[in-house]
Amino acid sequence: MTRDAYRPPQTRADARPSVILWFRLYAATMALAFGAVVVAGFLVHPAGGVPPTLVATPFVVLFGVATFVPMKPWAWTLGFIAIACGLPSCTCLAAFPLLLRWNRPEVKAAFARI
């Protein structure tokens, strides 16, 4: 009676959920889009109302920081807020599937939230 040696299960080299990569791409794209709004706001001054640079600058900061967050518990919350900011616009086509996968236990575990 011989026993087989224990073999650990096969995993990828990077065992983090793929939604984290997709989130980082989403956040970088949103930061670039809002950055373009800031640049356009400096080039074209609106006659009245709120300047677009005033509205878009906080989003550039939010999505810029969210692109490079570390794998800490507070970063999961920042990512959740960044995804939620994309829901009321046309980016909901990308934000809604991200939000559904962002709430999974394996993503929370990757950020040490569980």
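Leaving aside its neighbours within four places in sequence, with which residues is Cys85 in contact? In the predicted model analysed here, Cys85 contacts Phe59, Leu62 and Phe63, where contact means heavy atoms within 4.5 Å. Cys85 is found in helix α3. Its relative accessible area of 30% makes Cys85 partly exposed; residues are classed as buried under 20% relative accessible area, exposed over 50% and partly exposed in between, with a 1.4 Å probe and protein chains only. Between the C-alpha atoms of Cys85 and Phe63, which are 22 residues apart along the chain, the separation is 9.6 Å.

Because the model is predicted, local features need pLDDT of at least 70 and side-chain atom pairs count only at pLDDT 80 or more, whereas totals for chains, interfaces and linings use all residues. Residues are numbered from 1 along each chain as its sequence is written, and side-chain values use heavy atoms, with hydrogens and water left out.

The protein contains five helices and zero strands, and its pattern along the sequence reads α-α-α-α-α. Helices (H or I, at least four residues) and strands (E, at least two) are DSSP runs, numbered from the N terminus. Of the 114 residues, 27% count as buried. Among the contacts with a separation of 6 or more, 61% involve residues 24 or more positions apart.

The packing of the helices is considered next. Two packed helices are described by the angle between their axes and the distance between the axes. Axes are lines fitted to C-alpha atoms, for helices over the stretch in contact, and angles run from 0 to 180 degrees between N-to-C directions. The axes of α1 and α2 cross at roughly 155 degrees and come within 8 Å. This angle makes α1 roughly antiparallel to α2, given that angles under 35 degrees count as roughly parallel, over 145 as roughly antiparallel, 65 to 115 as roughly perpendicular and the rest as oblique. The crossing of α1 and α2 is left-handed; this term applies if the near helix is turned anticlockwise from the far one by less than a right angle, and a clockwise turn is right-handed. Thr53, found in helix α2, touches Val38, Gly41 and Phe42, not counting residues up to four places away in sequence. With a relative accessible area of 14%, Thr53 is buried. Leu21, by contrast, lies in helix α1 and is exposed, with a relative accessible area of 53%. The C-alpha atoms of Leu21 and Thr67 are separated by 9.6 Å, and the two residues are 46 residues apart along the chain.

For α2 and α3, the packing angle is about 130 degrees and the axes are 10 Å apart. The two helices are therefore oblique to each other, and their crossing is left-handed. On the α2 side, Phe59, Leu62, Phe63, Val65 and Ala66 meet Leu78, Ala82 and Cys85 in α3.

The largest nonpolar core has 22 residues, and those with the most contacts inside it are Phe23, Tyr26, Phe63, Ile83, Trp102 and Phe111. A nonpolar core is a set of buried Ala, Val, Leu, Ile, Met, Phe, Trp, Tyr and Cys residues joined through side-chain atoms within 4.5 Å. Two or more residues are given to this core by each of α1 (18–43), α2 (52–67), α3 (73–85) and α4 (92–102). The largest share, seven residues, comes from α1. Phe111 touches Ile20, Pro70, Met71, Lys72, Pro73, Ala75, Trp76 and Trp102, not counting residues up to four places away in sequence.

Within α4, the buried residues are Ala95, Leu98, Leu99 and Trp102. These residues lie on the same side of α4 because they cover an arc of only 105 degrees around the axis, the arc being that of the directions from the helix axis to the C-beta atoms. An α-helix has 3.6 residues a turn, so residues three or four places apart point the same way. The buried residues of α4 pack against α1, α3 and α5 (105–110), whereas Leu93 and Leu100 are exposed on the other side of α4.

A backbone feature occurs in the segment after α5, where Ala112 is placed. Most residues other than glycine have a negative phi. Ala112 has a positive phi of about 60 degrees although it is not a glycine. The relative accessible area of Ala112 is 49%, which means that Ala112 is partly exposed.
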